[in-house]
Amino acid sequence: MTGKISTKADVFSFGVVLLELITGTTAIDDSRVGEGEETRHLAYWFSQIRKDEEQLHAAIDPTLDVGDDETFESVGVIAELAGHC
């Protein structure tokens, strides 16, 4: 937001890239506007849904093919890491 490069900005950006890989969407998506303007931002939107297993499963990019529990659990671990970023 400030345009300055910092370690915090790099960590946040890494988290956003992970979320983009998991969901197959972009960091800012105008079609995702829900209860407020901030929901169009992938990081905010994902932080709202990641605790709900059903919503998390629906948010995962279908091309990842997370049909089995082990793969879904792995994606969940990556989502948790992205949440910490």
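Angles over 145 degrees between the N-to-C directions of two helices count as roughly antiparallel. In the predicted model, helix 1 and helix 4 pack at an angle of about 150 degrees, and the two helices are therefore roughly antiparallel to each other. Helix 1 covers residues 7–23 and helix 4 covers residues 69–84. Their axes lie 8 Å apart, and the crossing of the two helices is left-handed. On the side of helix 1, the residues that meet helix 4 are Phe14, Gly15, Leu18, Leu19 and Ile22. Their partners in helix 4 are Val75, Ile78, Ala79, Leu81 and Ala82. By class, nine residues of this contact are nonpolar, one is polar and none is charged.

The protein chain as a whole contains four helices and zero strands. Along the sequence, the order of elements is α-α-α-α. Of the 85 residues in the protein chain, 26% are buried. Among contacts with a separation of 6 or more, 39% join residues that are 24 or more positions apart.

Phenylalanine 14 belongs to helix 1 and takes part in the contact with helix 4. Its relative accessibility is 44%, so phenylalanine 14 counts as partly exposed; the partly exposed class lies between the cut-offs of 20% and 50%. When neighbours within four places in sequence are left aside, phenylalanine 14 is in contact with Leu81 and Cys85. Leu81 is one of the helix 4 residues listed for the packing against helix 1. Phenylalanine 14 and cysteine 85 are 71 residues apart along the chain, and 7.1 Å separates their C-alpha atoms.

Helix 1 also packs against helix 2, which spans residues 42–49. Here the angle is about 65 degrees and the axes are 10 Å apart. The range from 65 to 115 degrees counts as roughly perpendicular, and helix 1 is therefore roughly perpendicular to helix 2. The crossing of helix 1 with helix 2 is left-handed. Helix 1 contributes Phe12, Val16, Leu19, Glu20 and Thr23 to the contact, while helix 2 contributes Leu42, Ala43, Trp45 and Phe46. The residues of this contact divide into seven nonpolar, one polar and one charged. Leu19 of helix 1 appears in the contact with helix 2 and also in the contact with helix 4.

Within helix 2, the buried residues are Leu42, Phe46 and Ile49. Viewed down the axis of helix 2, the buried residues fall within an arc of 65 degrees, so they line one face of the helix. The elements that cover these residues include helix 1, helix 3 (53–59) and helix 4. Two of the buried residues, Leu42 and Phe46, are also among the helix 2 residues in contact with helix 1.

Leucine 42 is located in helix 2. With a relative accessible area of 1%, leucine 42 is buried, the cut-off for this class being under 20%. Leucine 42 and threonine 23 are 19 residues apart in sequence, and the distance between their C-alpha atoms is 9.2 Å. Both residues are listed in the contact between helix 1 and helix 2, with Thr23 on the helix 1 side and Leu42 on the helix 2 side.

Note on methods: Residues numbered from 1 in each chain as written. Predicted model: local features only at pLDDT ≥ 70, side-chain atom pairs only at ≥ 80, totals over all residues. Heavy atoms only, no water. Axes fitted to C-alpha atoms, helices over the stretch in contact; angles between N-to-C directions. Parallel < 35°, antiparallel > 145°, perpendicular 65-115°, else oblique. Left-handed = near helix turned anticlockwise from the far one by under 90°. Contact = heavy atoms within 4.5 Å. Nonpolar A, V, L, I, M, F, W, Y, C, P; charged D, E, K, R; others polar. Buried < 20%, exposed > 50% of the residue type's maximum accessible area, 1.4 Å probe, protein only. Arc of directions from axis to C-beta.
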